[in-house]
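Student: Hi! Could you walk me through a few features of this one?
Tutor: Happy to, let's have a look together.

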Amino acid sequence: ARVRMAGRGAWGSRLSGVCVLLVCAWPASCLYEDQAGKVDWSRANVGRAAFALFPSAQREAVVASADGVVAGLDIQTGVTSWRRVLPDGEAVGRMISVGDDLLVTLGTARTASGTVGSVRMWSVGGALLWDAMLPEVGAGRSPAVAVGEGAIFVGSGTTVVAFHAATGEELWRWHAPTDKGGNAVIVQLAAKRTEAGGIASLHTYVIQERAGSTSRVLLTASLAPTDGKQLDKHELRHGDALAPTAEVQFVLTSDATKVMTLSVQSPTTILVHTLGSSKLEAVSLSTVWPSEAASPIVLLANSLPSAAALRAADGTLALISFTRAGTVPTLVRSFSPQAGAQAFSSASLAESAIAAVATADSSGQVTLMTLKLRADGSADGEWSATQPCGIATSDVAHGFEFWLNAYARKDGSYGSRLLISSVGDALQLMRPSTDAAQPVWVREESLASVTAATMVPLPAVPIDVDEGRPFFGLALPSIIEGIQEKVAMLRLSAEEAATKKKIQTMLGDAYGTRQVVLATTAASKLIAIHSATGEILWTYFVAPLALGAPPPTIRATFVDGSGAKATLIMLAADDARYAVLTLNPFSGAVLARRDEAKSLLHAAQLPHTHISSHRVLYLVDSQLQVAVHPDTPAARNELAANLQTTYFHLVSPTEVQGFGLLSATDGVAAARATERWAIALPPGSRSKLSYFPHSAAVHSPTRTKGDRTVLHKYINRNLVAIASEVDTAPGGEPYVQVMLLDSVAGRVLYTTRHSASTGPISILLGENTILYSYTSSTTAQPTLTSAELFVNSSAADDPLSLLLAGPMDTSLRKNQFDAFAAAPPKVQSQSYAYATAVSALGITLTHKGITPRQILVGTAAGHLLAYDARLFDPRRPFVHPSKMTAQDKEEGLVPYNPSLGGINSLQVISHRNTVARPRTIVTAPTMLESTSLVFAFGLDLFLTRATPARTFDMLGEDFNKVGLFGATTAMAIATVVSGWYVSRKELAAAWA
């Protein structure tokens with residue numbers, strides 16, 4: 001194709017480019033400026049909070065999340081003041097403040113050459129002042145850090161680097177000595193201060209694993225802070241008592257005098273090193289540890305003055321202080337476990353520190369108890385009285401962590417705020433108060449981890465009213481009713497009007513654009529969002545299915561019924577049990593629940609039949625026993641009727657397995673599953689799958705060509721498209737493999753391999769099309785490849801013969817699709833260079849499937865674009881635009897171009913919004929054939945409407961409806977008057 005293009009000359013290439021541009025620009029998918037925000041909305045998330053600071057210079061909370069986001073949140077409202085999304089693959093492992101107006105984040109980042117360490121300096125206003133990458137990372141650990149006078153010391157791998165705090169300039173570098181063939185990792189840095197507050201020396205802690213031995217040695221070296229010169233080095237005892245390098249945790253006291261870690265050889269022994277000492281003391285806690293506490297003991301990461309916080313397995317908390325030599329422990333205070341979830345936090349306050357314990361009971365009521373610690377680690381009084389903080393979100397009762405914001409009041413006392421991150425990833429701010437009823441604000445950060453989404457149209461009538469059959473025979477009663485409702489709204493107070501409007505927003509509209517987006521998250525939470533406003537309607541957290549078990553994974557959701565009678569069935573499972581919950585999709589109310597002590601393998605709905613009024617769910621456990629839900633005789637009969645035609649498949653990292661159903665032999669299970677086939681995936685591959693929705697409408701099984709002949713589409717609802725990214729052995733060539741699989745018969749219908757290609761990969765399966773993206777490993781060029789599937793057919797290939805033949809009798813065996821006997825499809829494909837990396841692909845779906853489709857592309861930069869599907873037509877001819885045949889032009893084909901060109905702003909349907917790290921694009925039809933709802937999610941959320949052929953079935957917003965009504969009324973009056981006049985004239989003529 002490129003040889004032919006080169007032969008056309010520059011003018012031919014320009015003509016081809018102009019044709020592509022015209023297809024892209026008409027019809028344009030952009031919004032007018034006054035439409036932005038009316039038919040779309042976006043939500044910027046932070047993700048699960050991992051660290052939080054409260055800079056005294058601003059009334060903000062600076063949060064770093066596990067998703068690689070650093071953000072400033074308004075302490076009063078929770079609104080995002082600023083947000084910085086780090087490059088994909090970069091994680092924040094630590095965040096510390098530097099003075100009142102700076103902060104440092106440290107972590108790891110993935111690059112083409114491997115994992116490296118990262119350090120970034122920020123202002124508290126969110127400005128990135130400087131950053132640096134450190135090539136060494138030891139045992140996957142985030143770099144260690146210490147703050148000096150005008151310098152930041154960072155230890156990563158075996159190297160310590162000093163950076164200028166203001167400019168990021170490297171001042172000096174020191175390498176830890178290692179044995180030949182051994183491994184060494186810097187695990188802690190500590191700056192020893194002088195009495196005047198300066199830095200006397202920098203202490204580096206290195207774990208060294210000797211070559212050919214499993215023993216570990218802890219080394220400490222003191223460095224001069226000005227030039228990195230090594231002052232001394234000591235090999236400390238008890239190195240074998242340390243945890244593995246990747247897991248060991250060192251805690252530095254807030255006065256920077258001691259470094260502590262737990263011994264793995266004794267459950268009640270803590271290893272303490274005093275800065276400047278040549279000994280690592282093994283201090284037994286048996287004399288001071290509460291006798292009722294259970295092992296094992298965990299050393300908490302909170303930094304306290306000359307003290308450590310430890311927690312036992314039963315929840316007992318103990319604060320232990322040490323003498324200056326670090327050899328004699330003292331129990332400062334302990335805290336016995338209480339009913340509910342509890343967490344510990346601390347905060348510095350002038351020359352002292354505040355320790356705090358927060359507890360949440362089963363109803364979500366949060367209480368706080370605090371303890372003031374002196375500079376020597378002793379307690380200044382007892383634990384405070386229990387302070388109520390209000391009722392938090394329900395998931396707090398099952399686990400949480402929090403960060404304490406302690407501040408001094410003018411009267412000398414201190415106040416506190418709690419920034420709580422729940423097990424369900426809800427971030428909320430609470431204050432101790434006797435009249436506190438709810439959090440100051442709540443952010444549902446679980447929306448940063450959406451794994452799947454389903455859209456359900458809102459009912460057209462209130463949920464508690466039976467849905468009757470509408471009457472469209474006369475519009476006048478509806479008009480009168482609308483006028484009466486407008487007048488009634490004017491008589492309501494502002495509060496009553498707001499309540500009335502909120503009720504109305506929960507009703508569907510005539511166009512079906514008001515829907516509920518049911519978002520499943522990785523935090524075991526299901527969240528319902530209004531498609532028109534982006535408002536969260538309700539949330540449901542699935543609690544652990546057994547005492548002590550982790551929160552389950554939401555495996556699937558199914559919608560049964562429609563309108564006001566629709567129900568939502570949700571399956572949540574852990575490794576040993578599962579639950580089936582029936583909810584109201586519009587209110588979140590739990591209607592029924594079923595728990596099973598079995599491991600869930602698969603679940604799916606049976607086709608709707610007349611036997612049962614609801615769609616039956618069949619559940620397969622790890623023993624391949626099949627149950628039905630609801631477990632009724634009618635449901636079992638329906639499964640028996642569909643037994644021979646029900647198949648399912650499972651995908652693991654190594655293979656795809658297909659199963660069928662057989663009659664049960666034990667009389668207990670409804671049926672049993674049996675393996676029918678298995679296909680291996682490439683070893684070490686990372687795969688993505690795509691399906692064409694069973695509910696999606698297909699308007700025509702054929703495609704009419706320009707010469708009036710037809711191509712028969714290969715439409716198989718059992719298809720699954722699998723794209724695998726394979727990294728071969730060192731020295732080998734990576735490749736991307738795409739496979740099209742019939743999930744019933746286990747037949748590989750099509751496969752292709754792209755050598756010298758890598759990810760990121762995305763794949764999309766349409767009714768008879770495949771589109772996938774990958775990147776060339778040699779040129780780093782993102783590429784999109786499309787393929788279209790057709791089938792040889794004995795039916796007529798011209799529209800007239802098809803029309804005269806009449807409808808196909810699908811009851812005949814020869815006219816039914818047979819997955820085992822059908823011939824494989826004929827595949828045509830083309831590839832195109834794309835301007836940027838692709839993160840997600842989608843396709844518009846409409847009510848009847850008549851409207852031309854649009855291809856939706858989510859880029860790595862966070863833009864959402866809509867393209868005319870003709871650009872990805874693999875039948876685009878390899879000819880000069882001037883030599884296209886009349887048939888090709890009539891069919892709407894576009895001359896082939898090896899590149900799709902740059903990003904056209906007219907195709908960016910996300911306009912001013914960005915969707916950070918988009919993962920998936922979900923579409924749903926509306927009652928308007930022209931309109932499809934598009935929901936893109938990743939770190940952020942974005943929802944809009946797509947109209948591939950404009951709104952051809954809807955009047956525009958600027959249409960003069962008043963003029964139309966006036967003209968219609970005038971015509972009606974004129975008709976009546978003229979009729980009356982003609983009648984009088986005819987009567988007068990008759991009497992004349």
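Tutor: Let's begin with a sheet. In this predicted model, four strands form an open sheet in the order 14-15-16-17, and their pairing is antiparallel.

Student: Which strands are at the edges?

Tutor: Those are strand 14, covering 183–193, and strand 17, covering 230–236; each of them pairs on one side only.

Student: And how many degrees are neighbouring strands turned against each other?

Tutor: On average 20 degrees, with direction ignored.

Student: What about strand 16 and strand 17, how many bridges join them?

Tutor: Six bridges link strand 16, residues 216–223, to strand 17, and the two run antiparallel. For one pair, take Thr220: its bridge partner in strand 17 is His234.

Student: Nice. Changing topic: where is Leu418?

Tutor: Leu418 sits in strand 31, which spans residues 414–422.

Student: Is Leu418 buried or exposed?

Tutor: Buried, because its relative accessible area is 0%, and the cut-off for buried is under 20%.

Student: Which residues is Leu418 in contact with, leaving aside neighbours within four places in sequence?

Tutor: Its contacts are Ala358, Leu368, Cys389, Phe402, Trp403, Gln428, Leu429, Met430 and Pro432. As for Ala406, which is 12 residues away along the chain, its C-alpha atom is 8.9 Å from that of Leu418.

Student: Last one: where does UniProt place the transmembrane region?

Tutor: The unreviewed UniProt entry puts the feature "transmembrane region" at residues 964–982. In the model that span is 100% helix and 0% strand, and its end C-alpha atoms are 26 Å apart.

Conventions:
Residues are numbered from 1 along each chain as its sequence is written. This is a predicted model: local features need pLDDT of at least 70, side-chain atom pairs count only at pLDDT 80 or more; totals for chains, interfaces and linings use all residues. Side-chain values use heavy atoms; hydrogens and water are left out. Two strands pair if DSSP finds at least two bridges between them. Axes are lines fitted to C-alpha atoms, for helices over the stretch in contact, and angles run from 0 to 180 degrees between N-to-C directions. Buried means under 20% relative accessible area, exposed over 50%, partly exposed in between (1.4 Å probe, protein chains only). Contact means heavy atoms within 4.5 Å. UniProt positions are given in the numbering used here, feature names are shortened, and annotations may be inferred rather than shown by experiment.
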